[in-house]
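Me: I'm new to this one. Could you walk me through how to read it?

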Protein chains: 2
Amino acid sequence: MPKLVDPAARRLEVVDAVFRVVVRDGLAQASLRNVADEAGLNIGSVRHYFAGHQELMLFAMRSMLDRVSHRLARHIEEAPDLATASGAERRAVMDGLLCELLPLDDVRRAEVTVFVEFMTAARTDSALGDLAREAAEGSRGLITRILYRLSARGDLRPGLDPDTEAVRLWGLIDGLCLNSVLHPDLLSPDACVTALRGHLAQITTDSDADGHSTRGR
Amino acid sequence: MPKLVDPAARRLEVVDAVFRVVVRDGLAQASLRNVADEAGLNIGSVRHYFAGHQELMLFAMRSMLDRVSHRLARHIEEAPDLATASGAERRAVMDGLLCELLPLDDVRRAEVTVFVEFMTAARTDSALGDLAREAAEGSRGLITRILYRLSARGDLRPGLDPDTEAVRLWGLIDGLCLNSVLHPDLLSPDACVTALRGHLAQITTDSDADGHSTRGR
DNA sequence: TTCTTTTTATCACGGGCGTGATACATTGGT
DNA sequence: ACCAATGTATCACGCCCGTGATAAAAAGAA
């Protein structure tokens, strides 16, 4: 017989409530009382599962980052074997992976919104600082690794430095995310992917490594 | 004989205090009391010059945006006449103008920090919403206009659409700003300009419009 | 001077916050 | 049945907040 309440599940319910409050009203409104109301719980219950406000915020931020990581990991697992893929296929994989970071649907839009809120809050909240740094290094590192792989296979346009291209792509993606979340009517999801695709098209070669020309789109 | 206190100057002093608090502790800490303390004033004095907290925040945000606008306007005034400029000169002007938006020194870093704080807050604070939208349209519009001019003079690489390039450049700049402000140790000012220059080099032709080839670097 | 306006300084109120402490209810094992 | 552990629900305290009201001080004009 299953226990009536699964503590881990409860914590996740509370975290989901945190996310909803953050998306709707901003991180500043994510007080214990507001979160408890949003979760349909009593504040006492919330406090039973989290030592205090700070631990809740920390756990929520960590959960958000884990969620993104897992989504990316799943995407990587499902990717075809890069060793046997053609140049076009390799570029498609990269395209799909990076698009996964953009707020293209409601789920990812909410996630990116929460991401932005926590990251900006971490600038002045030392409790979140370590996690923010870790996340930033992770995303930047991932993009850097992708570009190095591209470069190693000759998919990166000659003359381009993978490191500075990583900075550029990192900034572009974060900028698209930010503007899309802050000004959804000025930057539609379609415009986001168009901008990203345009960028990728410019920094990658558009011919197959085997020599087959795949010009145009 | 000058009046002992100039109301307009006082308001600016208070706004400066707001900016210092926002940069140091975040927008959430910019309460009337904290701001008054930072300005070395009594909370009563602050309230004498501002109707309330909301008006202060609105005025501070507007001041910040005006400051950026004026800096850009000054930069444009000092620019050489584009009609008689060579292609390289035109690209240098654009380079300088866009670099003005990046947090390359302490002054601009503080400004961008305040910008990010207010813009993200505006997402859920309806009082700041209009201003934020105006600012976003302004920055995006400026970049769009620049690229259209470039395109008209043939400085933009053939095959590139000024509008989607504007989205891309807009996102890149905002992303560099964001990452530089949130993770200064992961993205130095130098890395910012390198990334931006690399981008501009890729979307512009590197030959003069008069036909002189300046290929290579 | 006297009077009016401007500026500075306090007080008090209601409200939201995190949190410690505590009581009550429910559960699951013995 | 009993009990210990777990989960729920409140209360109270101190803190900070924005704000209305009001007093006190300073400045400038008559």
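Reply: Sure, let's take the two protein copies and then the DNA. This is a predicted model, where local features need pLDDT of at least 70, side-chain atom pairs count only at pLDDT 80 or more, and totals for chains, interfaces and linings use all residues. Residues are numbered from 1 along each chain as its sequence is written, chains are lettered from A and ligands numbered from 1 in the order in which they are written, and side-chain values use heavy atoms, with hydrogens and water left out.

Me: By what turn and shift can chain B be laid on chain A?

Reply: In general, two copies of a chain are related by a rotation about an axis and a shift along it. Here a turn of 180 degrees with a shift of 0.0 Å along the axis lays chain B on chain A, at an RMSD of 0.0 Å (least squares on the C-alpha atoms of residues with pLDDT of at least 70 in both). So the two copies are related as by a two-fold rotation axis. The same surface serves both: 98% of the contact residues of chain B recur in chain A (contact means heavy atoms within 4.5 Å).

Me: What area is buried between chain B and chain A?

Reply: The size of an interface is often given as the accessible area lost when the parts come together. For chain B and chain A that is about 3400 Å², with carbon and sulfur atoms giving 60% (accessible area with a 1.4 Å probe, summed over both parts). On the chain B side, B:Arg123, B:Arg168 and B:Leu186 lose the most area, together 21% of what that side buries.

Me: How many salt bridges are there between chain B and chain A?

Reply: There are four, counting a side-chain nitrogen of Lys or Arg within 4 Å of a carboxyl oxygen of Asp or Glu. One of them to look up joins A:Asp185 and B:Arg133, at 2.2 Å from N to O.

Me: Which residues are closest to DNA strand D?

Reply: Strand D is surrounded by 20 residues, and the closest are A:Arg10, B:Ser31, B:Arg33, B:Arg47 and B:His53 (near means a heavy atom within 4 Å). Sugar and phosphate make up 55% of the strand D atoms that come within 4 Å of the protein. In A:Arg10, a side-chain N or O atom is 2.4 Å from a phosphate oxygen of strand D. A polar side-chain atom of B:Asn34 lies 3.3 Å from a phosphate oxygen, while A:Tyr49 has a side-chain N or O atom 3.4 Å from a sugar or linking oxygen.

Terms used
A polar contact is a pair of N or O atoms within 3.5 Å; within protein, one must be able to donate a hydrogen and the other to accept it, and residues adjacent in sequence count only if both atoms are side-chain atoms. Buried area is the accessible area (1.4 Å probe) that two parts lose on being put together, summed over both.
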